[in-house]
Structures are given as structure tokens and as C-alpha cells.
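User: I would like a close look at a single part of this structure, followed through its surroundings in one connected account. Please choose a part whose strand pairing and charged contacts can be read together.

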Amino acid sequence: MSPSLSRTLLTAGAAAALIATATPAGAAGTPGPIVAPPDKIVIELATVNGSGCREGTAEVAVAPDNTAFTVTYSEYLAQVGPGAPPTGFRKNCQLNLRVHVPSGFTYAIVQADYRGFAFLQPGAWGQERANYYFQGMPQTSQRTHTFNGPLNDNWQSTDKTEYADLVWAPCGEKRNFNINTELRVNAGTSSPQATSFMAMDSTDASVNTLYHLAWRVCPTP
């Protein structure tokens, strides 16, 4: 990805394998949900900030069917043990996205899938945390997933929101979408001379974060 944070991230062929997310029926008296709008969406990475995602180390790709987008990281790793810096036990990343959607439609995040790799010694533990919100609106409650050692394998967690509880982008307004994530590793009762780490990283192309979108038609003014 270009170091320029204003670079437009168009639909990527690499995201073609992403699976469409079905959306349930809407409540009576409100515009009904749809599978996805017919026109393409465009996502711009407006700003990126945090110890886990230096500029140029996070990329966004949109699924061709407009039902999901993927964020891939290349330097997102928390660790403890010999050689780890004092602040290395916690890494975080805030992505600020401009999401351009077709006129007359709105969207919400219905599910987020996080993936990575963890090497945790017996007695150590790691955590993945996340929340997401639209600019000027309250943050969602923080979701936390804990992984206990011993662990030497890929990890995965899922945050899913019921349809009735979805937070929709305001119709007719342009509000950036914020994603806050955090990785944390604690040595726990493991040896202080042992290394433990947890990563969201793109060394393996299958290691990324996938956000599923729900869509609906905005009310007629």
C-alpha cells in the first residue's frame, strides 16, 4: 500500500473469495434489508494510528459483492519475554475509514472475524479486543477474547451483532467509520525467560480481519 493515507482502496481481486453475509428481514415500518446494493462501494483509509499498524502496514480490500471487506496487517504483534521492549506486551490500531456507498443505501457491521497466530507458553495468556463506531456516535461495547497457553497455533475470534442491535450509518450523512483493535500478551505464571507472542499479521495471506456488512435502503425523504 502506498504510504499516502488518502489513497483510494478500490475493490480488490484478492477479496473475491469472501463469502456473502445473509441479512434477516427488517422490522415492520422500516426500509427492508437487501443482500447488497448493485453499485460498488469504495473505501479510503483516511488515517491509521497505533503501535500495531504503522503507516503503510495496513491494507483494505472490498469484496466484489459488497458484503464484506478485509483489513490485512503486516506488523501487528504483541510479545513478552527476552528482547521484548517494555511496551511490547500491548499493541493497538485505530483505522479511520471513509466508506463511499451508493446513494439511497446505508450499511452496518454485522460480524467481524479476527485471525492470527499465537505462541503462548504454559501459564501465559493473550487477548484480542475490538470496538467500532461511526464518527460522532457512541462507541460500541468492547468485545474481548482471551487465549490461554500453552498455544502454538492459529487463533480466530468472531464478534457478531444481532440484527435488531445493529448500528447503521446515518442516511444522507458522510461519517467516517472507526475500527479500534488491541492485542495484549501477559506472561502470567510462565517463566520470565520464556517468550510468548500473539499476532494479527499478513505474512500468511490467510491471516487478516474480515468485516461483514449488512445493507438496507434508506427511507425516502
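Analyst: What follows is a reading of one strand, its partners and the charged side chains around it.

This is a predicted model, and its confidence should be kept in view: the chain averages a pLDDT of 79, with 80% of the residues scoring at least 70. Residues 1-30 stay under 50, although the model has 62 contacts for them beyond four places in sequence; below 50 as well is the stretch of residues 202-206, which has five contacts beyond its near neighbours in sequence.

The part chosen is strand S9, residues 125-134, which is mostly covered, eight of its 10 residues being buried. S9 pairs with strand S10, residues 143-148, through six bridges in the antiparallel sense, and within this pairing Gly126 has Phe147 as its bridge partner. S9 also runs antiparallel to strand S12, residues 177-186, the two being joined over 10 bridges, with Trp125 standing opposite Asn186.

The charged contacts involve S9 and S12 together. Glu182 in S12 and Arg129 in S9 are 53 residues apart, and they form a salt bridge whose closest N and O atoms are 3.7 Å apart. Arg129 counts as partly exposed, at 22% relative accessibility, whereas Glu182 is buried, with a relative accessible area of 9%.

Glu182 has further partners. Its salt bridge with Arg90 brings the closest N and O atoms to 3.0 Å; because Arg90 lies in strand S7, residues 90-100, and Glu182 in S12, this pair ties together parts that are 92 residues apart in sequence. Arg90 is partly exposed, with a relative accessible area of 32%. The side chain of Arg184 also meets that of Glu182 in a salt bridge, at 3.0 Å from N to O. Arg90, Arg129, Glu182 and Arg184 are thus linked in a network of salt bridges, within a structure where a search finds five salt bridges overall.

Nonpolar contacts can be followed from Phe177, a residue of S12. Among the residues that Phe177 touches are Tyr132, Tyr133 and Phe134, together with Phe69, Leu95 and Leu97. Phe177 is also one of the residues touching the most other members of the largest nonpolar core, which has 40 residues, and Phe69, Tyr73, Leu95, Leu97 and Tyr211 are likewise in that group. Strand S8, residues 105-120, supplies the largest share of this core, seven residues. Apart from this core lies another, of six residues, including Ala108, Val110, Leu166 and Trp168.

Methods: Residues are numbered from 1 along each chain as its sequence is written. Side-chain values use heavy atoms; hydrogens and water are left out. pLDDT is the predictor's confidence in each residue, from 0 to 100. Contact means heavy atoms within 4.5 Å. Buried means under 20% relative accessible area, exposed over 50%, partly exposed in between (1.4 Å probe, protein chains only). Helices (H or I, at least four residues) and strands (E, at least two) are DSSP runs, numbered from the N terminus. Two strands pair if DSSP finds at least two bridges between them. A nonpolar core is a set of buried Ala, Val, Leu, Ile, Met, Phe, Trp, Tyr and Cys residues joined through side-chain atoms within 4.5 Å. A salt bridge is a side-chain nitrogen of Lys or Arg within 4 Å of a carboxyl oxygen of Asp or Glu.
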